[in-house]
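Here is a quick tour of one protein chain, written for someone who likes to check the atoms. Have the viewer open and follow along.

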Amino acid sequence: AGFVLANDANFDLVAAAQMNLGEDVAMGRVELRTGDASDCFLRARLSKDYFDLIDVDGFGSGAPYNAEAVGALKMGGLLYLCCTDARTAAGKNAGPQ
C-alpha cells in the first residue's frame, strides 16, 4: 500500500502503533488516528476520499460499523470483517456441528 490510515478508539493502542510505525508516520506513509470508526468512515464518505481496503475488527462485533464501512469504500474496494473478540459478523455462533 502506498498509504495507510490506522484508526482505533483506544488511545493506548494508537500510542503503541506510533512506537512501532514511527518511521512510516514520519515519511507520510501512515497516519494514525484515535476515534470512533463510524466517524472515520463518515469523514471519508463526505469528503469523497474513499478507501481501497477497510479492515473492520471492532471490539466485540464489528456489525455496527458495516454500513458506514461500505459507504467509505471505493467501487471495487475490499471490506474485511473480523470478529476477533466476539461472535461472527452476523452476530451468531456457529454452534455444535
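A salt bridge here is a side-chain nitrogen of Lys or Arg within 4 Å of a carboxyl oxygen of Asp or Glu. Keep in mind that this is a predicted model. By that cut-off, the structure holds four salt bridges. One of them joins Glu-31 and Arg-33, whose closest N and O atoms are 2.9 Å apart. Glu-31 is partly exposed, at 32% relative accessible area, and Arg-33 is also partly exposed, at 24%.

**The overall layout**

Let's step back for a moment. The protein has three helices and four strands, and going from the N terminus the elements run β-α-β-α-β-α-β. Of its 97 residues, 19% count as buried.

**Salt bridges across the chain**

Back to the charged pairs. Side chains of opposite charge can pair when their charged atoms come close. Arg-45 and Glu-68 form a salt bridge, with 3.1 Å between the closest N and O atoms. This pair links distant parts of the chain, since Arg-45 sits in helix α2 and Glu-68 in helix α3 (residues 66-71), 23 residues apart. Arg-45 is partly exposed at 32% relative accessible area, and Glu-68 counts as partly exposed at 23%.

Then there is Asp-52 with Lys-74, whose side chains meet in a salt bridge at 3.2 Å, N to O. Asp-52 belongs to strand β3 and Lys-74 to strand β4, so this pair ties together parts that are 22 residues apart in sequence. Asp-52 counts as exposed, with 52% relative accessibility, while Lys-74 counts as partly exposed with 39%.

Here are those three pairs side by side:

| Pair | N to O distance |
|---|---|
| Glu-31 and Arg-33 | 2.9 Å |
| Arg-45 and Glu-68 | 3.1 Å |
| Asp-52 and Lys-74 | 3.2 Å |

**A helix with a bend**

How far apart are the end C-alpha atoms of helix α1 (residues 11-26)? They are only 19 Å apart, although the helix has 16 residues and a straight one would reach 22 Å at 1.5 Å a residue. Look at Asn-20, too: α1 bends there by about 70°.

Both ends of α1 have something to show. At the N-terminal end, Asn-10 acts as a cap, with a side-chain oxygen 2.8 Å from the backbone nitrogen of Asp-12. On the other side, α1 is followed by Gly-28, which has a positive phi near 80°.

**Another positive phi**

Lys-48 has a positive phi as well, near 60°, and this is a residue other than glycine. Where is Lys-48 placed? You'll find Lys-48 in the loop between α2 (37-47) and β3 (51-57). Is Lys-48 buried or exposed? Lys-48 is exposed, because its relative accessible area is 63% and the exposed class starts over 50%.

**A surface patch and a strand residue**

On the surface, Leu-53, Leu-78 and Tyr-80 make up a nonpolar patch, and together they have about 280 Å² of accessible area. Leu-78 is part of strand β4 (residues 73-82) and is partly exposed, with a relative accessible area of 44%.

Last stop: Ala-6, in strand β1 (residues 4-8). Ala-6 is partly exposed, at 27% relative accessible area. The C-alpha atoms of Ala-6 and Ala-37 are 10.0 Å apart, with these positions 31 residues apart along the chain counted as separation.

How values were computed
Residues are numbered from 1 along each chain as its sequence is written. Side-chain values use heavy atoms; hydrogens and water are left out. Patches are made of residues with over 30% relative accessible area and no salt bridge: like charges are joined within 9 Å, nonpolar side chains (Val, Leu, Ile, Met, Phe, Trp, Tyr) within 5 Å. Accessible areas come from the Shrake-Rupley method with a 1.4 Å probe; for residues, only the protein chains shown count as cover. Helices (H or I, at least four residues) and strands (E, at least two) are DSSP runs, numbered from the N terminus. Buried means under 20% relative accessible area, exposed over 50%, partly exposed in between (1.4 Å probe, protein chains only). The expected span of a helix is 1.5 Å times one less than its number of residues. The bend at a residue is the angle between axes fitted to the seven residues ending there and the seven starting there. A polar contact is a pair of N or O atoms within 3.5 Å; within protein, one must be able to donate a hydrogen and the other to accept it, and residues adjacent in sequence count only if both atoms are side-chain atoms.
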